[in-house]
Amino acid sequence: MVKIKVMKAISERNDEVAHEVRKYLAENGIKAVNLISSPGSGKTTLIEKTIEHFRGSLTVGVIVGDLFTALDAERMERAGARAFQLDTGGSCHLTAPMIKSALADFDISGIDLLFIENVGNLICPASWDIGESARVTLVSVTEGNDKVVKYRTAFYSADAVAITKLDLLPSCDFDVEKVAGDVKALNPSAQVFKLSAKTGEGMQEWYSFVQRIAG
Ligand SMILES: Nc1nc2c(ncn2[C@@H]2O[C@H](COP(=O)(O)OP(=O)(O)OP(=O)(O)O)[C@@H](O)[C@H]2O)c(=O)[nH]1
Ligand SMILES: [Mg+2]
């Protein structure tokens, strides 16, 4: 009982800070996209391809939440973005106060679009507003047909859902239309992308969405 009260207090404080983060980013003309998925669904790869696609037209920054390494932030830098590694101190999700503290140290001047790669986890990140303009949840074809219904908060709260690694479909027992239908039933306003960052299939629709968010 006491524990539930504490959790609520933290969450309320989080929402206040999320509001501050959103306001700060808006004042600086920056749109932020929060990417949520299980480990390995393809968040970093999708961001890398997007950085490369918009090179010369959009200045992209990335904040990466990671428990132990800076590997993803290094990948983003190699792809051409300004990147900031956020060590979550073992926490399984990002919070608005973490983003606020990252923004105090991260040079955001000139950035148009900020990707925030959440910690690989389909459960905890879904419950935390981090001040994003849009939330995108990924599910790859290797993860099974049931993920949308089993981990519904992550899909219910998303502005868009990307079904990733479409190139692996022949080796997987995955029904793309069923999963896309599960998303639509749960969250009718979410856009659903079916894509492969590896082959480029479906990526144009994703880039159009990103461009619309960036304004
Ligand atoms: N075949 C195929 N592999 C992909 C695709 N996208 C990503 N991968 C591979 O999937 C693995 C995981 O991709 P990442 O982009 O690192 O996944 P992530 O979601 O950032 O992983 P975490 O940060 O650990 O949660 C890597 O080996 C990628 O090369 C794709 O479209 N097709
Ligand atoms: Mg990653």
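Begin by selecting helix H2, residues 43–53, where the buried residues are Lys43, Thr44, Leu46, Ile47, Glu48, Thr50 and Ile51. Buried here means under 20% relative accessible area, while exposed means over 50% and partly exposed lies in between, with a 1.4 Å probe and the protein chains only. Helices (H or I, at least four residues) and strands (E, at least two) are DSSP runs, numbered from the N terminus. To see what covers the buried residues of H2, add S1, strand S2 (60–66), H3, S4, strand S5 (134–140) and helix H8 (203–214), which are among the covering elements. Contact, in this tour, means heavy atoms within 4.5 Å.

The model on the screen is predicted, so local features need pLDDT of at least 70 and side-chain atom pairs count only at pLDDT 80 or more, whereas totals for chains, interfaces and linings use all residues. Residues are numbered from 1 along each chain as its sequence is written, chains are lettered from A and ligands numbered from 1 in the order in which they are written, and side-chain values use heavy atoms, with hydrogens and water left out.

**The magnesium ion**

Next, select the magnesium ion (ligand 2), which is coordinated by Thr44 (OG1), Asp72 (OD) and Glu117 (OE) at 2.0 to 2.1 Å. Asp72 lies in helix H3 (residues 71–79) and Glu117 in strand S4 (residues 113–117), so this pair ties together parts that are 45 residues apart in sequence. Donors are N, O and S atoms within 2.8 Å of the metal (3.2 Å for Na, K and Ca), and since water is not among the atoms, sites may look incomplete. Along the chain, the donors of the magnesium ion (ligand 2) follow the spacing T-x27-D-x44-E. Asp72 is buried, with a relative accessible area of 15%, and Glu117 also counts as buried, at 4% relative accessibility.

**Loops on either side of S1**

From H2, step back to Ser38, in the loop between strand S1 (31–36) and helix H2. Ser38 is buried, with a relative accessible area of 15%, and, leaving out residues up to four places away in sequence, Ser38 touches Lys43, Gly120, Asn121, Leu122 and Glu143. Then move to Asn28, which is found in the loop between helix H1 (2–27) and S1. Asn28 is partly exposed, with a relative accessible area of 38%, and although Asn28 and Asp112 are 84 residues apart along the chain, their C-alpha atoms are separated by 8.8 Å.

**The loop before H4**

Now select His93, in the loop between strand S3 (82–87) and helix H4 (96–105). Is His93 buried or exposed? At 10% relative accessibility, His93 counts as buried. Leaving aside neighbours within four places in sequence, His93 is in contact with Thr88, Met98, Asn118, Val119, Cys124, Pro125 and Trp128.

**Around strand S6**

Continue to Asp159, whose place is in the loop between helix H6 (152–156) and S6. Asp159 is partly exposed, with a relative accessible area of 39%, and, not counting residues up to four places away in sequence, Asp159 touches Ser133, Ala134, Arg135, Ser189, Ala190 and Gln191. The C-alpha atoms of Asp159 and Ser133, which are 26 residues apart along the chain, are separated by 9.3 Å.

On the other side of the strand, select Lys165, which lies in the loop between strand S6 (160–164) and H7. Most residues other than glycine have a negative phi. Lys165, however, has a positive phi of about 65° although it is not a glycine, and Lys165 is partly exposed, with a relative accessible area of 26%.

Val176 comes next, in helix H7 (residues 176–186). Val176 counts as buried, at 11% relative accessibility, and, apart from residues up to four places away in sequence, Val176 touches Ile163, Leu166, Leu169 and Lys194. The C-alpha atoms of Val176 and Thr199 are separated by 17 Å, with these positions 23 residues apart along the chain.

**Zooming out**

Finally, display the whole protein, whose secondary structure comes to eight helices and seven strands. Its radius of gyration, taken over C-alpha atoms, is 17 Å, close to the 17 Å that the globule rule (2.2 Å times the number of residues to the power 0.38) gives for 215 residues, so the protein is as compact as a globular protein of that length. Along its principal axes the C-alpha trace spans about 50 × 45 × 30 Å, and 50% of the 215 residues count as buried.
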